[in-house]
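Let's talk through some charged side chains together, one question at a time. Have a look at the model first.

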Amino acid sequence: MALDFLPISVRIRDVKILIVGGGRVATHKATILHRFTDEATVVAPEISEGLRQLPFHLFERPFQDNDLDGVQLLFICTGDRALNREIRDKARARGILSSVCDDPELCDFVSPAISYQEGDNLTISVGSDARDVHRSIRVRNRIQELIDNHQLNIE
């Protein structure tokens, strides 16, 4: 069975990251992203209070084509399927890797379930090829539980 997504780690230092959308899903993605970087930009007509708590650059306005200038990694989370596809198509034409949240068929990449402890050089990520996110989360949580309870030695 061939997979759709290759599980890899991507360098994000000095990479321009854009999140389009300001609601619940965008907030969730941004919160996870913040565990790895303080550098990202969010563009949305309305920005959640949770996003406002993050150190990202916020632009409370509709998406504009020039928002894609220089972007290398894009999370599209507008909640509007047609707009998501339109933005993804514009990004693809520019060679920008895009994740269209909640629509794996439109994604160039998907985010796995991630466990990371500040100051640790170990990141645990569990993916399901975007087919069973809840299972990935359960497996990630179980691995983290085993580590926390010293039942899985990682030294």
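**Salt bridges and exposure**

Q: What makes Glu86 and Lys90 a salt bridge?
A: In this predicted model, the closest N and O atoms of Glu86 and Lys90 are 3.1 Å apart. The cut-off is a Lys or Arg side-chain nitrogen within 4 Å of an Asp or Glu carboxyl oxygen, so the pair counts as a salt bridge.

Q: Where do Glu86 and Lys90 lie?
A: Both are in helix α3 (residues 81-93), four residues apart, which is about one turn of the helix.

Q: Why is Glu86 called partly exposed?
A: Glu86 has a relative accessible area of 41%. Partly exposed covers the range between under 20% and over 50%, so Glu86 belongs there. Its partner Lys90, at 27%, is also partly exposed.

Q: How do you know that Arg61 and Asp67 form a salt bridge?
A: Their closest N and O atoms are 2.6 Å apart. That value is within 4 Å, so the pair meets the rule.

Q: Buried or exposed: what is Asp67 called, and why?
A: Asp67 has a relative accessible area of 9%. Buried means under 20%, so Asp67 is buried. Arg61, on the other side of the salt bridge, has 22% relative accessibility and therefore counts as partly exposed.

Q: What makes the contact of Arg92 and Asp108 a salt bridge?
A: The N to O distance between these side chains is 2.7 Å, and because this is within 4 Å, the name applies.

Q: Which parts does the pair of Arg92 and Asp108 tie together?
A: Arg92 lies in helix α3, while Asp108 is in the loop between β5 (97-100) and β6 (113-116), so the pair ties together parts that are 16 residues apart in sequence. With relative accessible area at 42%, Arg92 is partly exposed; Asp108, at 29%, is partly exposed as well.

Q: Why is Arg85 called partly exposed?
A: Arg85, found in helix α3, has a relative accessible area of 43%. This is neither under 20% nor over 50%, so partly exposed is the right term.

Q: How many salt bridges does the rule give?
A: The count comes to 11.

Q: Which residues are linked in a network of salt bridges?
A: Asp4, Asp129 and Arg131 are linked in such a network.

Key: Residues numbered from 1 in each chain as written. Predicted model: local features only at pLDDT ≥ 70, side-chain atom pairs only at ≥ 80, totals over all residues. Heavy atoms only, no water. Buried < 20%, exposed > 50% of the residue type's maximum accessible area, 1.4 Å probe, protein only. Helix = DSSP H or I, 4+ residues; strand = E, 2+ residues; numbered from the N terminus.
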